[in-house]
Amino acid sequence: MSALVNVIVMLGMLFVVPAGLCLMDPVRLAPVRRTWPLFAVAGSVALWLPRGTAAVALAAVYALGTLVLAVQAPRRLLRTRSLAPAECAVLTALVTPSVAGVALVAERAGHELFGFSLPILALTVPHFHFAGFAAALVAGLVCGAADGTGLARFAALSVPAGTLLVLGGYFTGDRAELAGALVLTAGMWAVALLTWRDVRAGVRDRVTRALLGISAAVLVATMLLALSWAVGEAADLPHPNLTWMAATHGLGNALGFALCSVLAWRRLKETPA
């Protein structure tokens, strides 16, 4: 499982985050985007090294990069003075990689931070790159493209809220984590519906349409898996194990949702409809 998770995390570090920054604000975030590869390469190398001083040092470099990114959230808020749903989603996307950065440092140090096991910390890293950064970003983009309809506002608010509730559930118990999974799943399914019905329908380019269609379809399946896992944990029912979840839910969200979504939105920004 560790090798697969490492590959997924590298995709988030090296491509999804910097590509997402271009979609947020290519001008104001340009300095962060230019320096990001230095942080991302350090984090990527840290994933493959044995736990120890070198791995921790490189992970700390990556964590520093995520903190630089997180600082952009209050700066953006001071500039826009807006907590509109789409803005809330973008602010969440800027902050959530820092959770992954802290988890990576702890995991590479072999330290069970806040009592969480090392496997859980390892899975926290991809979760807050994809359910945190990518999902919140796409929810915000979809909300803007759908002209802020009721469903679009719900998606833009529930994806960040669900992600934060899942994080809170780590500390308070399986039932709270289940509540977060329910909110996050509802928001992600709303993103999938809006992507398919509103965004994709107005696009003529076949490649972009295909990428949007794949991202929407994959979300339906991967979030159903996430929900089944959360229900199983909370109710002590049979459910997929973490290895299976990484190979299905994790890989599907990374490749089918995040990668396809970012590629599609980049094409939309370059050549609208």
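This is a short walk through a predicted model, one selection at a time.

**Stop 1: the aromatic cluster**

Start by selecting W36, F39 and Y62, which form one aromatic cluster. Show the rings as sticks. Two aromatic pairs are counted here. The pair of W36 and F39 is edge-to-face, with 6.3 Å between the centres and 65° between the planes. Both residues sit in helix 2 (residues 30-48), and because they are three residues apart, about one helical turn separates them. In general, an α-helix has 3.6 residues a turn, so residues three or four places apart point the same way.

Now turn to the other pair. W36 and Y62 are edge-to-face too: 5.5 Å centre to centre, with the planes at 70°. Y62 belongs to helix 3 (residues 53-80) and W36 to helix 2, so this pair ties together parts that are 26 residues apart in sequence.

Are these rings buried or exposed? W36 and F39 are both buried, and so is Y62, at a relative accessible area of 0%. W36 also comes out at 0%.

**Stop 2: T96, in a loop**

Next, select T96 in the loop between helix 4 and helix 5. Loop or not, T96 is buried, with a relative accessible area of 2%. What does T96 touch, once neighbours within four places in sequence are set aside? The contacts are F128, G132, F133 and T163. Zoom in on F133: its backbone nitrogen lies 3.2 Å from a polar atom of the T96 side chain.

**Stop 3: helix 6**

Colour residues 118-145, which make up helix 6. Its 28 residues should span 40 Å at 1.5 Å a residue, and the end C-alpha atoms are 39 Å apart, which agrees. Look along the axis, though, and stop at H127, where the helix bends by about 35°. Of the 28 residues, 22 are buried, so helix 6 is largely enclosed by the rest of the structure. Just past the end of helix 6, click on D147, which takes a positive phi of about 60°.

**Stop 4: helix 7**

Move on to helix 7, residues 150-172. This helix has 23 residues and reaches 31 Å from first C-alpha to last, close to the expected 33 Å. Its buried residues include A152, A155, P160, G162, T163 and Y170. Which helices do the buried residues of helix 7 pack against? Bring up helix 4 (85-95), helix 5 (97-109), helix 6 (118-145) and helix 8 (174-199) to see the packing. T163 is worth a second click: it is one of those buried residues, and it is also among the contacts of T96 from the earlier stop. After helix 7 comes G173, with a positive phi near 130°.

**Stop 5: a charge over a ring**

Select W196 and R200 together. R200 lies over the face of W196, at 4.0 Å from the ring centre.

**Stop 6: V231, in helix 9**

Finish in helix 9 (residues 206-235), where you will find V231. V231 is partly exposed, with a relative accessible area of 33%. Add R175 to the selection: the two residues are 56 apart in sequence, yet their C-alpha atoms are 8.5 Å apart in space. For contacts beyond four places in sequence, show L178, D236 and L237 around V231.

How values were computed:
Residues numbered from 1 in each chain as written. Predicted model: local features only at pLDDT ≥ 70, side-chain atom pairs only at ≥ 80, totals over all residues. Heavy atoms only, no water. Helix = DSSP H or I, 4+ residues; strand = E, 2+ residues; numbered from the N terminus. Expected span 1.5 Å × (residues − 1). Buried < 20%, exposed > 50% of the residue type's maximum accessible area, 1.4 Å probe, protein only. Contact = heavy atoms within 4.5 Å. Polar contact = N/O pair within 3.5 Å; in protein donor to acceptor, adjacent residues only side chain to side chain. Phe/Tyr/Trp six-rings, centres within 6.5 Å; stacked < 30°, edge-to-face > 60°. Lys NZ or Arg CZ within 6 Å of the ring centre and 35° of its normal. Bend = angle between axes of the 7 residues up to and from the residue.
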